[in-house]
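Dear colleague,

I am handing over the structure below, and after it you will find what I noted while going through it. Please read the notes with the model open beside you.

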Amino acid sequence: MYQRIEGSQWRHIWLTGDVHGCYARLIAQLKSLKFNPYEDLLLSVGDLIDRGPESRKCLTLIEQKWFAAIRGNHEQMAMDALSSRQLGLWALNGGDWFSRSSSAEKLRIVELLEACRRLPYVLEVRCRSGVSVVAHADYPADEYRWQQPVDGHRVLWDRQRLTDHLAGRHTSLRGAEHFWFGHTPLKQRYDFENQHYIDTGAVFGGVLTLVQLQ
């Protein structure tokens, strides 16, 4: 469920919000930031796929040495759909690109989605500025601890903490300097104390948020 990254191995570390198939847009932003794949690392908060035009290309990122990701609910939906051979729910949530793919493309997509089964739910990034914890929707506990058992479904889907924040009912998270989440598209990045929500709806016409962690 957990993976740890030591920031000392990298010059700069960037974190992207939900990409949702916007591959060309992501690459363009990396170029503008002078991202160096030999020295820098890009992290994903999950939901690489669905809704956007280049989901298959986004999936290929998981094979790159300069890239690391956690699973999002869309990757999980895709994996569940392939396991059950029930594609309806995935298609309704932006996964219809799979059925439109050629037979050869489908084989490659299945291979990549099988590799997604190795993606963690929670990423701990040990940077020079402190520890950042990355999870797709929420870290469902009051305090972060390495390898602490948490509900994987809530990590991928739970919006209650963000809903409470937006309603003025704030809750704190302890155990790390920063917590980074995606999942819920917002008009702009939302921050409360050490909690940061960075899905700014790129696939819906918003910006694609990239944050420099180191």
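His20 sits in the loop between strand 2 and helix 1, and although His20 is not a glycine, its phi is positive, at about 50°. Please keep in mind, here and in what follows, that this is a predicted model. With a relative accessibility of 4%, His20 counts as buried, because the limit for that word is under 20% relative accessible area. A positive phi is also found at Arg85, which is likewise not a glycine and has a value of about 60°. Arg85 belongs to the loop between helix 3 and helix 4 (88-92), and at 75% relative accessibility Arg85 counts as exposed.

His20 leads on to another histidine, since His20 is among the residues in contact with His74 when neighbours within four places in sequence are left aside. The other contacts of His74 on that list are Asp47, Ile49, Asp50, Arg51, Trp90 and Asn93. His74 itself lies in helix 3 (residues 73-84) and is buried, with a relative accessible area of 3%. The side chain of His74 also makes a polar contact with the side chain of Asp50, at 2.8 Å.

A record touches this part of the chain: an unreviewed UniProt entry carries the annotation "domain: Serine/threonine specific protein phosphatases" for residues 70-75. In the model, the span of residues 70-75 is 50% helix and 0% strand, and its end C-alpha atoms lie 9 Å apart.

Asp40 is another buried residue, with a relative accessible area of 1%, and its place is in the loop between helix 1 (23-32) and strand 3 (41-44). Which residues does Asp40 touch, not counting those up to four places away in sequence? They are Trp10, Arg11, His12, Lys34, Phe35 and Trp66, and with Arg11 there is also a polar contact between the two side chains, at 2.7 Å. Asp40 and Asp80 are 40 residues apart along the chain, and their C-alpha atoms are separated by 32 Å.

Turning to the sheets, an open sheet of four strands has the order 4-3-2-10, with mixed pairing. Strand 4 (67-69) and strand 10 (210-212) stand at the edges of this sheet, and because each has a single partner strand, one side of each is left without a neighbour in the sheet. From one strand to the next, the twist averages 25°. Strand 2 (residues 13-16) pairs with strand 10 in the antiparallel sense over three bridges, and within that pairing the bridge partner of Trp14 is Gln212 in strand 10. Helix 1 packs on this sheet and touches strand 2, strand 3 and strand 10, its direction making about 35° with that of strand 10.

An open sheet of six strands, also with mixed pairing, has the order 1-5-6-7-9-8. Here strand 1 (2-6) and strand 8 (190-192) are the edge strands, and each has a single partner strand, so one side of each is left without a neighbour in the sheet. Neighbouring strands of this sheet are turned by 20° against each other on average, direction ignored.

Within this six-stranded sheet, strand 6 (residues 130-135) is mostly covered, six of its six residues being buried. Strand 6 pairs in the antiparallel sense with strand 5 (residues 122-127) over six bridges, and strand 5 and strand 6 form a hairpin with two residues between them. In that pairing, Val125 stands opposite Ser132 in strand 6. Strand 6 is also joined by three bridges to strand 7 (residues 178-181), and these two strands run parallel; Val133 has Phe179 in strand 7 as its bridge partner. Towards the other edge, three bridges join strand 8 to strand 9 (residues 195-197), which run antiparallel, and Tyr190 stands opposite Tyr197 in strand 9.

Finally, as to the division of the whole, the protein is split into domain 1 (12-117) and domain 2 (124-208). The centres of these two domains, taken over C-alpha atoms, are separated by 20 Å, and 24 residues of domain 1 are in contact with 19 residues of domain 2.

With kind regards

How values were computed. Residues numbered from 1 in each chain as written. Predicted model: local features only at pLDDT ≥ 70, side-chain atom pairs only at ≥ 80, totals over all residues. Heavy atoms only, no water. UniProt positions renumbered as here; feature names shortened; annotations may be inferred. Buried < 20%, exposed > 50% of the residue type's maximum accessible area, 1.4 Å probe, protein only. Contact = heavy atoms within 4.5 Å. Polar contact = N/O pair within 3.5 Å; in protein donor to acceptor, adjacent residues only side chain to side chain. Pairing = 2+ DSSP bridges. Axes fitted to C-alpha atoms, helices over the stretch in contact; angles between N-to-C directions. Domains from an automatic or database assignment.
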